[in-house]
There are 2 protein chains.
Amino acid sequence: MKVSILFVALGLTAAAPAKKLETPTDVVASAPASAWKTIPADDLLVMDLAGGGRIVIQLAPAFAPVHVANIKALARGHYWDGATVYRVQDNYVAQWGLNESDKPWPAGVTAKPPAEYTRSLKGLAVRPLGSPDPYAPGAGFVAGWPVAYSPKGNWANLAHCYASVGVGRDLSPDTGTGGELYAVIGHAPRQLDRVIALVGRVVEGIDKLSSLPRGTEALGFYKDKAQYVPIAGIRLASDMPAAERPSYEYMDTASPAFARYLHVRANRHDDFYIRPAGGVDLCNVQVPVRKKAT
Amino acid sequence: MKVSILFVALGLTAAAPAKKLETPTDVVASAPASAWKTIPADDLLVMDLAGGGRIVIQLAPAFAPVHVANIKALARGHYWDGATVYRVQDNYVAQWGLNESDKPWPAGVTAKPPAEYTRSLKGLAVRPLGSPDPYAPGAGFVAGWPVAYSPKGNWANLAHCYASVGVGRDLSPDTGTGGELYAVIGHAPRQLDRVIALVGRVVEGIDKLSSLPRGTEALGFYKDKAQYVPIAGIRLASDMPAAERPSYEYMDTASPAFARYLHVRANRHDDFYIRPAGGVDLCNVQVPVRKKAT
């Protein structure tokens, strides 16, 4: 707008070209290479469905180190041979694993991990969301992750957003070992924050889980084993042949590009929008992640 | 806890039985008949998929009267004969209708409705959410609906939550007529609040939409018409034979039972939970709706 006024003041006769208003997609497309961080291959869990479809999960060792180490040991120890997706509850979660198996844990698995539901806020550089959060004193982003936190309580936790991945567990004091995992396929169930160990998020293929038929038993369990969705394999990308490894990068949430992205998400002003909201929910920001050419 | 202390003080030797902590489901199950309101048959839109599966939508004439009147006229005028679900975008919406048809509007349709994106707050009895909302000065519930509002601005709007139903439109000043509808199948896209006309919510069968295969074209449109999901019929329940009409009731959001439900949703303290959040997001409350025996 200021540009147009300037043109008028200078007496230019040609109309100023309409300034195209940025969409979140525009911000992502124009972000410089320096705004992107590559996800280490050792933090990528690659799950292939037997019927086709790949789901790739970025693990979060900074938030749940023992649970994440377990998941890596489970993958390397072929624990999930024969695993299935056995629970799909609408607007909640899809869950997979061996479902009440007594298969022994592979080497390197801690059978009873600590309750990694929060961690210390110390050492974390948070980009604040800039909008109120109903679930915690603060909300924002740390190294690409959506987090809730309390400066006073000195805690931070990964937030349960769409595509977040967590560890199924029994009633406390059980903390879950990592053999049974779930991904969020509906509106953010933030009531699970600080109650359960989150270990990462799906960065590719969440739609392969969210579009599965819903289970009709209580909690969305499939009624018949014939409905279970077989998993062909779960591997770490770092254990795959280099030529086959998928690779991803996320937008650095400390970058100026992400600051702009966050602002635009909270203030949609492109053609379709009429009233920028002036605020945004933590789980409605969706940190950009994209596949890298390999 | 006080009861236990009392037992100790009285010198009783038997332990007090553990008090079962209420879940949201418990609150719904124990709500008295007076806490429930029947949805009028004239406000129920019944959509049957040709391949099986029923989706029932409660319309909200108090929020978008002209758009809702249009939808009723479209159903009664058989406008949707031959309609399909032609767009399913992951974590966003499923959309149906005739998709860029030039079929004439039936009698009674207002071709260019007003922009029913907000209404006056006056006359609405709001039960406040009690937690902050990132998108509006206030959030709460009115007659069973999740709403955002501004006392200062004297406006209120239905909120875009999971299963909300809205009217597809072109760029403003187009406001959409009602022939193309969408339902939210992912995390609440609240940035669409006050930007588009919401006309209701799915009260049964949202999983029939949310589990559809995702479209692979831009915005989740299906690539080939062969992928379109055919709709057998869209009718008002009030136009169905009485014996075939489905009927539903919702929990009156002004009732004490709902106050309790809201409290428990914001403070989960039953067996699985460790730390009540002390707050809840508007779209994570999910006003209870259930089928009535007919």
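Which residue stands opposite Met47(B) in β3(B)? The residue is Ile55(B). This is a predicted model. The briefing starts with that pair of strands, then turns to a barrel, an open sheet, a buried asparagine and the cavities.

**Strands β2, β3 and β12 of chain B**

- Strand β2 of chain B covers residues 44–49, and it pairs with β3(B) over 5 bridges.
- The two strands run in the antiparallel sense.
- Together β2(B) and β3(B) form a hairpin, with 4 residues between them.
- Gly52(B) sits in the turn and has a positive phi of about 100°.
- Strand β3 of chain B spans residues 54–59, and 5 of its 6 residues are buried.
- The strand is therefore largely enclosed by the rest of the structure.
- β3(B) is also joined to strand β12 of chain B, residues 198–204, by 4 bridges.
- That pairing is antiparallel too.
- Within it, Val56(B) stands opposite Glu204(B).
- As background, strands of a sheet pair through backbone hydrogen bonds, either parallel or antiparallel.

**The barrel of chain A**

- In chain A, 8 strands make a closed barrel with antiparallel pairing.
- The order runs β2-β3-β12-β10-β11-β5-β4-β13.
- Neighbouring strands of this barrel are turned by 35° against each other on average, direction ignored.
- Strand β3 of chain A (residues 54–59) and strand β12 of chain A (residues 198–204) are joined by 4 bridges.
- Here Val56(A) has Glu204(A) of β12(A) standing opposite.
- Helix α3 of chain A, residues 65–76, lies across six named strands of that chain: β2, β3, β10, β11, β12 and β13.
- The helix runs at about 110° to β13(A).

**The open sheet of chain B**

- Chain B has an open sheet of 3 strands, in the order β1-β14-β15, with antiparallel pairing.
- β1 (36–38) and β15 (289–291) of chain B stand at the edges.
- Each edge strand has a single partner strand, so one side of each is left without a neighbour in the sheet.
- From one strand to the next, the twist averages 30°.
- β1(B) is joined by 3 bridges to strand β14 of chain B, residues 248–251.
- Trp36(B) has Met251(B) as its bridge partner in β14(B).

**A buried asparagine**

- Where is Asn284(B) found? It is in the loop between α5 (256–266) and β15 of chain B.
- Asn284(B) has a relative accessible area of 3%. That is under the 20% cut-off, so the residue counts as buried.
- Leaving out residues up to four places away in sequence, Asn284(B) touches Tyr135(A), His187(A), Ala188(A), Pro189(A), Arg190(A), Gln191(A) and Arg265(B).

**Cavities**

- The model has 6 cavities of 30 Å³ or more.
- The largest cavity holds about 110 Å³ of space.
- Its lining has 17 residues, and Arg190(A), Gln191(A), Asp193(A), Arg275(B) and Ala277(B) lie nearest the centre.
- That lining divides into 7 nonpolar, 4 polar and 6 charged residues.
- The second largest cavity holds about 90 Å³ of space.
- A set of 16 residues lines the second largest cavity.
- Nearest the centre of this cavity lie Pro134(A), His187(A), Asp281(A), His187(B) and Asp281(B).
- The lining of the second largest cavity divides into 8 nonpolar, 3 polar and 5 charged residues.

Methods
Residues numbered from 1 in each chain as written. Chains lettered and ligands numbered in written order. Predicted model: local features only at pLDDT ≥ 70, side-chain atom pairs only at ≥ 80, totals over all residues. Heavy atoms only, no water. Pairing = 2+ DSSP bridges. Axes fitted to C-alpha atoms, helices over the stretch in contact; angles between N-to-C directions. Buried < 20%, exposed > 50% of the residue type's maximum accessible area, 1.4 Å probe, protein only. Contact = heavy atoms within 4.5 Å. 1 Å grid on protein atoms, 1.4 Å probe; cavity = no way out; pocket = protein on both sides within 12 Å on 5 of 7 lines; lining within 4 Å. Points joined across faces, edges and corners; volume = space filled by probe spheres on them. Nonpolar A, V, L, I, M, F, W, Y, C, P; charged D, E, K, R; others polar.
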